[in-house]
Amino acid sequence: MSVLKIKSMRCLPAVIVLSAVLIANVAHAQSTVLRVSAAPSIFSKTFRALASAFERENPDVRIDLDVSQFDQPAIMRQTLRMAIFGDLPDVSFQGSNYLRLLADRNLLIPLDRFMKADPAWNPQLYSPSVASAGHVGKMTYGLGVGMSFPILFYNKSLVSKVQEGASSIPANWHDILDIARRIQSENIQVLGLFSEYNSFMFQGLVGCFGGSMMNADDSRITFTDNAGQEAMELIRRIGLAGQAKVDMTKSQSRQAFTAARIAILLDSSSSLASFESEVAGRFEIGTAPLPMTGSDASLPAAGITVVMHTTDLARQDVAWRFMKFVTGVAGQTVVATTTGYVPANETAIANPGSLANYYAARPNMQAALRSIPRSRSWYAFPGENAGRIDMMIEDRVGEVMRLRQLPAPALDRLAKDISTQLPK
C-alpha cells in the first residue's frame with residue numbers, strides 16, 4: 001500500500017466529521033427563523049420555555065424571541081412603531097384589549113381560514129374559548145393563551161364569623177352584599193366589600209347580567225339596556241355597602257385585602273398567586289366566580305393572545321404551527337404552571353395528566369377555571385378614542401360608586417359622552 005493511500009485513509013475520519021458539520025450547518029441555515037415578540041417581560045421564562053419546546057418538536061424552525069417589552073401597552077406601542085418601518089415580527093403576544101386597535105390598522109392576519117382548513121383544529125383539541133378570546137367583530141384575530149377574569153376574593157375567617165362557621169360565600173349578589181354589610185358592622189376597621197370600577201370590571205358586571213357594550217355591528221350602544229342598568233344599580237349598592245366611604249386605588253385595595261382590612265374584593269383572577277404569597281398563612285383566602293344571570297351572561301377575558309403579522313404565505317404556515325403549539329396541551333401546560341393566568345384552552349385543563357393534577361391541588365383556581373366557558377373577548381370600542389372612552393367609563397362609574405350620581409342619569413350621560421368619541 002502506498003504512503004499516499006495510507007495518508008488518504010488517515011484523513012478519511014476527518015473528512016467524514018467535516019462533512020457532517022457542513023451538512024448540519026446547511027440544514028440549520030435552511031431552517032425557518034420565526035421572529036416572535038412577547039410581553040410582559042416578567043414572563044420571559046414562560047415565553048422562552050414555549051419557544052424551546054416548540055423547537056424540539058419542530059427542528060426545522062428556530063424562534064428568534066424578543067421579550068424586551070415590560071408590559072402589554074409597551075408591546076402594543078412597539079408594534080405600531082415597527083409597522084411604520086415595515087419591520088413587524090411574524091408573530092407577537094398582545095393584550096387581548098389591544099386586538100381591535102391593531103386589527104383596525106390592518107396589522108393582524110385573520111385566522112378564520114387557518115382554523116377552517118386545519119383538520120387538527122377541532123373541539124377535541126381546542127376548546128371554543130381559544131378563538132373567542134381573539135374575536136374582533138365577526139373575525140378571529142388572535143388565539144387566547146392565558147386568561148384572567150373578574151372574580152371574588154374573600155377572607156374566609158371574616159366570612160365564617162358572620163355565617164355561623166360557613167366559610168364559602170353565596171352565589172348571588174344580594175346575599176354577598178348582606179354578608180359584606182354584616183362584616184363591616186362587626187369590624188370597625190374592615191371594609192366589607194371593595195370593587196374596581198375601571199372599564200374591564202364594568203364590562204364584567206354588565207356581562208354578568210347578559211349585556212354588552214355595543215351591538216354586533218357596533219352601530220348602537222347597548223350598555224344602557226336592562227343589563228347595564230342592573231350593573232350600575234349593583235355598583236351603587238356596593239357603594240352603599242361601604243365602599244363610598246373609603247375609595248382606594250387598585251394597589252391600595254390589594255394591600256388592604258392582604259392586610260385583612262377588606263373582607264371581599266372584586267379583582268382579577270391573576271392576582272391569586274400574589275395574594276397568597278402576601279398573606280403567607282395569616283388567614284385563608286377563598287375565591288368565587290361572579291354571580292351570573294341568564295344564558296347570555298359572559299365575562300371579558302383579560303390576558304395574553306397570540307397573533308400573526310406576517311403576510312408571507314410560507315411563513316404564515318410556520319407561524320400557524322407555532323400558534324397551535326402555544327394554545328395546545330403542551331403549550332398551555334407551560335403557561336399554567338409558570339404564570340398566574342389560566343389556560344385559554346379548556347381541553348388542556350381536562351386532559352388527564354400533570355395539568356389536571358396541578359389544578360386539583362389548587363382549589364382557589366376553580367373560580368377562574370369555571371369562568372372560562374363564559375369567556376368572551378375584552379371589548380374595545382371602535383376608532384381612535386378607545387383609550388379615552390375607557391377613562392370616561394372609569395370616571396362615570398366611579399361617581400356612582402362614590403354615591404355622587406344616580407345610576408340612570410350616569411348611564412345616559414356616559415352613553416352620550418361615548419357617542420361623541422365614536423367614528424362617524
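**Exercise 1. Place strand β9 among its neighbours, and describe the sheet to which it belongs.**

Step 1. Strand β8 (residues 191–195) and β9 run parallel and are joined by 4 bridges, and within this pairing S195 stands opposite L266 in β9. The model examined here, and in the exercises that follow, is a predicted one.

Step 2. Strand β7 (residues 150–155) is joined to β9 by 5 bridges, the two running antiparallel, and Y154 stands opposite I264 in β9.

Step 3. β7 also pairs with β10, again in the antiparallel sense and over 5 bridges, with I151 standing opposite P289 in β10.

Step 4. Put together, the 4 strands form an open sheet in the order β8-β9-β7-β10, with mixed pairing. β8 and β10 (285–289) stand at the edges with a single partner strand each, so one side of each is left without a neighbour in the sheet. From one strand to the next, the twist averages 20 degrees.

Step 5. As for its surroundings, β9 (residues 262–268) is mostly covered, since 7 of its 7 residues are buried.

**Exercise 2. Determine which helices lie on this sheet, and which strands they touch.**

Step 1. Helix α9 (residues 199–208) lies across β7 and β9, and its direction makes about 95 degrees with that of β9.

Step 2. α12 packs on the sheet as well, where it touches β7, β9 and β10, and its direction makes about 160 degrees with that of β10.

**Exercise 3. Describe how α9 packs against α10, beginning with the geometry and ending with the character of the contact.**

Step 1. The axes of α9 and helix α10 (residues 226–240) are 8 Å apart, and the two helices pack at an angle of about 120 degrees. That angle makes α9 oblique to α10, the range from 65 to 115 degrees being the one counted as roughly perpendicular.

Step 2. The crossing of α9 and α10 is right-handed.

Step 3. On the side of α9, the residues that meet α10 are F202, L205 and V206, and their counterparts in α10 are A227, G228, A231, M232, L234 and I235. The residues of this contact divide into 8 nonpolar, 1 polar and no charged.

**Exercise 4. Carry out the same analysis for α11 and α12.**

Step 1. The axes of helix α11 (residues 250–258) and helix α12 (residues 272–279) come within 9 Å of each other and cross at roughly 50 degrees, which makes α11 oblique to α12.

Step 2. In passing α12, α11 makes a right-handed crossing.

Step 3. R254, F257 and T258 are the residues of α11 that meet F275, E278 and V279 in α12. The residues of the contact of α11 with α12 divide into 3 nonpolar, 1 polar and 2 charged.

**Exercise 5. Is strand β6 enclosed or open to its surroundings, and which strands pair with β6?**

Step 1. β6 (residues 143–148) is largely enclosed by the rest of the structure, because 6 of its 6 residues are buried.

Step 2. With strand β11 (residues 299–308), β6 pairs in the antiparallel sense over 5 bridges, and M147 stands opposite G303 in β11.

Step 3. With strand β12 (residues 342–343), β6 again runs antiparallel, here through 2 bridges, and the bridge partner of G146 in β12 is P343.

**Exercise 6. Is S37 buried or exposed, and which residues is S37 in contact with beyond its neighbours within four places in sequence?**

Step 1. S37 is found in strand β1 (residues 32–37).

Step 2. The relative accessible area of S37 is 4%, and, because buried means under 20%, this residue counts as buried.

Step 3. Leaving aside its neighbours within four places in sequence, S37 is in contact with D66, I75, Q78, P89, V91, S92 and F93.

**Exercise 7. Set these local descriptions within the chain as a whole.**

Step 1. The chain has 19 helices and 13 strands, and its C-alpha atoms fill a box of roughly 105 × 55 × 35 Å, taken along the principal axes.

Step 2. Of the 424 residues of the chain, 53% count as buried.

Step 3. Among contacts between residues at least 6 apart in sequence, 75% join residues at least 24 apart.

Methods: Residues are numbered from 1 along each chain as its sequence is written. This is a predicted model: local features need pLDDT of at least 70, side-chain atom pairs count only at pLDDT 80 or more; totals for chains, interfaces and linings use all residues. Side-chain values use heavy atoms; hydrogens and water are left out. Axes are lines fitted to C-alpha atoms, for helices over the stretch in contact, and angles run from 0 to 180 degrees between N-to-C directions. Angles under 35 degrees count as roughly parallel, over 145 as roughly antiparallel, 65 to 115 as roughly perpendicular and the rest as oblique. A crossing is left-handed if the near helix is turned anticlockwise from the far one by less than a right angle, and right-handed if clockwise. Contact means heavy atoms within 4.5 Å. Ala, Val, Leu, Ile, Met, Phe, Trp, Tyr, Cys and Pro count as nonpolar, Asp, Glu, Lys and Arg as charged, and the others, Gly among them, as polar. Buried means under 20% relative accessible area, exposed over 50%, partly exposed in between (1.4 Å probe, protein chains only). Two strands pair if DSSP finds at least two bridges between them.
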